[in-house]
Amino acid sequence: MSFIYTAVFSVTTIGVICAAVLCIASKLMHVKTDERVAKLEEALPGVNCGACGYPGCSGYASALLSDKSVSANLCSPGGADVLAKISSILGVDAGSIEKKTAIVKCSGDCDAQRKKMEYKGIQSCAAAKPLFGGESACAFGCLGYGDCQKVCPSEAICIESNLARIIPHLCTGCGLCVKACPNKLISVESVKIPVFVACKNIEKGAVTRKKCDSGCIACGKCVRECTAGAITLADNIAVIDYAKCTACGKCTEVCITKCIHKSYFPAVS
């Protein structure tokens, strides 16, 4: 029986020694954390969208405390309420936050797009994209299977006529839809932009027209009509320089295919 007592004593001794070592190590290697990190993480919306430019809300919270040059108004999804909380925790005046919304740069719904095949695979844009670019003849357009809708935390996206559409008053500008779209059709823009080109097809106009009635055909009418010189053609598509745009809206009126749309928030100045 003595060997049993010896084993028990040995194990107990080793356990006590290890516990003592761990206690000492915890004291010597303890790293103080700023309690404001937890407060900031709680104040942030927790969407972890990356719209602020950092890897999630935790990364943004840490950056705010470690680098004073990091702006406190980068959380678009949080809006003014979150900005006020961040300002209070940091004890600074963070100014204001710019309202942003997602826009879909495609006008090709079921009525406008031609189909090159019938797709019966997984109902996902990411799955359909590698299979000849989906069933639409236009490989640049909206695939319509709602990958963007599935990741939207605020239910601000709906699919109508096989085309993703933004519900502007629900959109927080988090940008998760931007990452989900395999055709890179969605971007997050300031609500102050007056107009945008809802097309990404860079093929020649004649080719585009055969595939979609709503695509930009690079006819140049908008360029000639814009007295401010805010519109140019690049890669067979109209490009708007918002620094020059005067919001006159003439480009939307003369666009042959009506692919230049007015902003979701025309009243914002």
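A search of the whole structure, which is a predicted model, turns up two aromatic pairs. Aromatic ring pairs are described by two things, the distance of the centres and the angle of the planes. In one of the pairs, the rings of Y54 and Y60 sit with their centres 5.8 Å apart and their planes at 25°. Planes under 30 degrees apart count as stacked, so that is the label the pair of Y54 and Y60 gets. As for how much of each partner is accessible, Y54 is partly exposed, with a relative accessible area of 27%. Y60, on the other hand, is buried, because its relative accessibility comes to 1%, and the cut-off for buried is under 20%.

Then there is the pair made by Y119 and Y145. Here the centres are 5.4 Å apart and the angle between the planes is 55°, which makes the pair tilted. Y119 belongs to the loop between β1 and α5, while Y145 belongs to the loop between α5 and α6 (147–151), so this pair ties together parts that are 26 residues apart in sequence. Both partners count as buried: Y119 has a relative accessible area of 9%, and Y145 has one of 13%.

Y119 deserves a second look. Its loop runs between β1 (100–104) and α5 (125–128). What does Y119 touch, once residues up to four places away in sequence are set aside? The list is S124, A127, A128, L131, E135 and Y145, and the last of these is the ring partner already met in the tilted pair. L131 is 12 residues away from Y119 in sequence, and the C-alpha atoms of Y119 and L131 are 8.9 Å apart in space. The side chain of Y119 also has a polar contact with the backbone, reaching the backbone oxygen of I122 at 2.7 Å.

A side chain reaching a backbone oxygen turns up at S87 too. S87 is part of helix α4, which covers residues 79–90. A polar atom of the S87 side chain lies 2.8 Å from the backbone oxygen of L83. Is S87 buried or exposed? With a relative accessibility of 14%, S87 counts as buried, because the limit for that label is under 20%. Leaving out neighbours within four places in sequence, S87 is in contact with V92 and A94.

How values were computed: Residues numbered from 1 in each chain as written. Predicted model: local features only at pLDDT ≥ 70, side-chain atom pairs only at ≥ 80, totals over all residues. Heavy atoms only, no water. Helix = DSSP H or I, 4+ residues; strand = E, 2+ residues; numbered from the N terminus. Buried < 20%, exposed > 50% of the residue type's maximum accessible area, 1.4 Å probe, protein only. Contact = heavy atoms within 4.5 Å. Polar contact = N/O pair within 3.5 Å; in protein donor to acceptor, adjacent residues only side chain to side chain. Phe/Tyr/Trp six-rings, centres within 6.5 Å; stacked < 30°, edge-to-face > 60°.
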